[in-house]
Amino acid sequence: MQDIEEFIERNREMYIKWLIDFCEIPSVAAQNRGMEEAVGYLDELFEEAFSLKPEKLETSGFPVVFAEMKGKSDKTLSFYNHYDVQPEDPVELWETLAFEPDIRNGKIFARGVADNKGNLIARLAALHAIQQCGEELPVNIKFIFEGEEEIGSLNLPEFAKKYADKIRSDGCVWEFGYRDADGAVQVSLGVKGMLYVELRSKGANTDLHSAQAAIIESPVWKLVWALNTLKDADEKILIPGFYDDIEPVTALEDQLLSQYRLEEEEILKKLELDKFVLDLEGTELKRKHIFEPTCNICGISSGYTGEGTKTVLPSEAMAKLDFRLVPGQDPEKVLRQLRAHLDAQGFKDIAIQVTSSERAARSHPEEAIAGAMIAVAEKYSAKKPNIIPNTPGTGPMYELCQALGIPSASFGVGNFQSNNHAPNENINVEDYIDGIKMIAALVFEFSRQFEPSEGGVR
């Protein structure tokens, strides 16, 4: 690995330029901006780096960029990333323009640099460095880059079923990854699932003078009352059957939870808060964060919220909710339970519209991909890696990996203050360069996980 690491150091400016050039493309899927340009850039980069033309696998939305490289064993390591990014709003809070990447104070600032272009380019750079050093790949490599992750990966389930044989692998490196405040590398073994819905309450066929509130039902109050039936003050979700299918936490996962480090003081300080929900701390806080589902109100919209007063009885109200789900919970079943609950509470006329749904995914810590990632993380950090059974966030991991029997795990180039989805998104330059080295090392460590030992395969 020493020659590969030295090559990466000598060519760091080139690899930084690859990332800068990519981040200049405003590939915002939600607005259909820059998507063709992003695919075109990846075409050019594969040609420049590997003399390889990637496939563009069509979906009902934006294409998946797919490429394959042959190794000397029959084992395959895949990389899932996405080339789309979040919108840059609110633009006025950026210190420099979101799509004009800027390097200052040892950081690269740009929309998408952490989520997810930094990881995507780091993985390409790692394979480029391996090949440029004359090393034969020890395993087969597959790159799977989608363009709709930031809008819910709506077409990925269809893609995964259609191309199941093509994307099959022995382990998948998932798209994200961060370092803690103390510099420790996070290794995540899964993600939570999600059911994202809009609840809509309708009243009269037009907004009315608020004097009519004495005799005309308010759809806003109806929505508020309905929301109030979903969760109590102790954070318990009140939908009957909601918790029934949750898979029990294993002894090994519980052990990982005890070792998982949550920077409580750092988080509270950054957010300017005094405490966490229910005054939780320590093990119980970590357990709720990682192993428990949620019911969250993302936003409520109705009536007049502008400057001054307007005495109005709104004709409709809408709330956006997300349910973060854990292994065992089926978003379609949760949707049916939600509908039945609202009906039973007298809210049959409140409509439910599903925006997105994804199942939770969690890989076993003894899988080869997990073992390899933990070993590499230990080498490239002065701190013991922070192993997380699953992150509290969500992604389409289940459809692309666990549903096909593919174990997955993730680490990457982000940090605890990368500001994903927010103004001034950033990564540390040195984390990016180390991230390239870590991926190169992972390719070889993953291969070693399958070498025979006294007890058989590692």
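Helices (H or I, at least four residues) and strands (E, at least two) are DSSP runs, numbered from the N terminus, and contact means heavy atoms within 4.5 Å. The structure described here is a predicted model, in which local features need pLDDT of at least 70 and side-chain atom pairs count only at pLDDT 80 or more, while totals for chains, interfaces and linings use all residues. Residues are numbered from 1 along each chain as its sequence is written, and side-chain values use heavy atoms, with hydrogens and water left out.

A good place to begin is an open sheet of six strands, whose order is E1-E2-E6-E3-E7-E19 and whose pairing is mixed; two strands pair if DSSP finds at least two bridges between them. Strand E1 (55-57) and strand E19 (408-409) are at the edges with a single partner strand each, so one side of each has no neighbour in the sheet. Within this sheet, strand E2 (residues 64-69) and strand E6 (residues 140-146) are antiparallel partners over five bridges, and Ala-67 stands opposite Phe-143 in E6.

Helix H14 (residues 429-448) lies across strand E3 (76-82), E6 and strand E7 (171-173), and runs at about 145 degrees to E3; the axes behind this angle are lines fitted to C-alpha atoms, for helices over the stretch in contact, and angles run from 0 to 180 degrees between N-to-C directions.

H14 also leads to the largest cavity, a cavity being a set of points on a 1 Å grid over the protein atoms alone where a 1.4 Å probe fits but cannot get out, with lining residues having an atom within 4 Å of a point. This cavity holds about 50 Å³ of space, and its lining includes Asn-119, Arg-123, Phe-411 and Met-438. Helix H4 (113-132) and H14 are the elements that give two or more residues to that lining.

Elsewhere, strand E14 (residues 316-325) is mostly covered, with seven of its ten residues buried, that is, under 20% relative accessible area with a 1.4 Å probe and protein chains only. Strand E10 (residues 190-202) pairs with E14 in the antiparallel sense over ten bridges, and strand E12 (residues 296-302) does so over six bridges. Leu-321 in E14 stands opposite Val-197, and Leu-321 is also the bridge partner of Ile-297.

How values were computed: On a 1 Å grid over the protein atoms alone, a cavity is a set of points where a 1.4 Å probe fits but cannot get out, and a pocket is an open set with protein on both sides within 12 Å along at least five of seven lines; lining residues have an atom within 4 Å of a point. Grid points are joined across faces, edges and corners, and a volume is the space filled by probe spheres set on the points. Buried means under 20% relative accessible area, exposed over 50%, partly exposed in between (1.4 Å probe, protein chains only).
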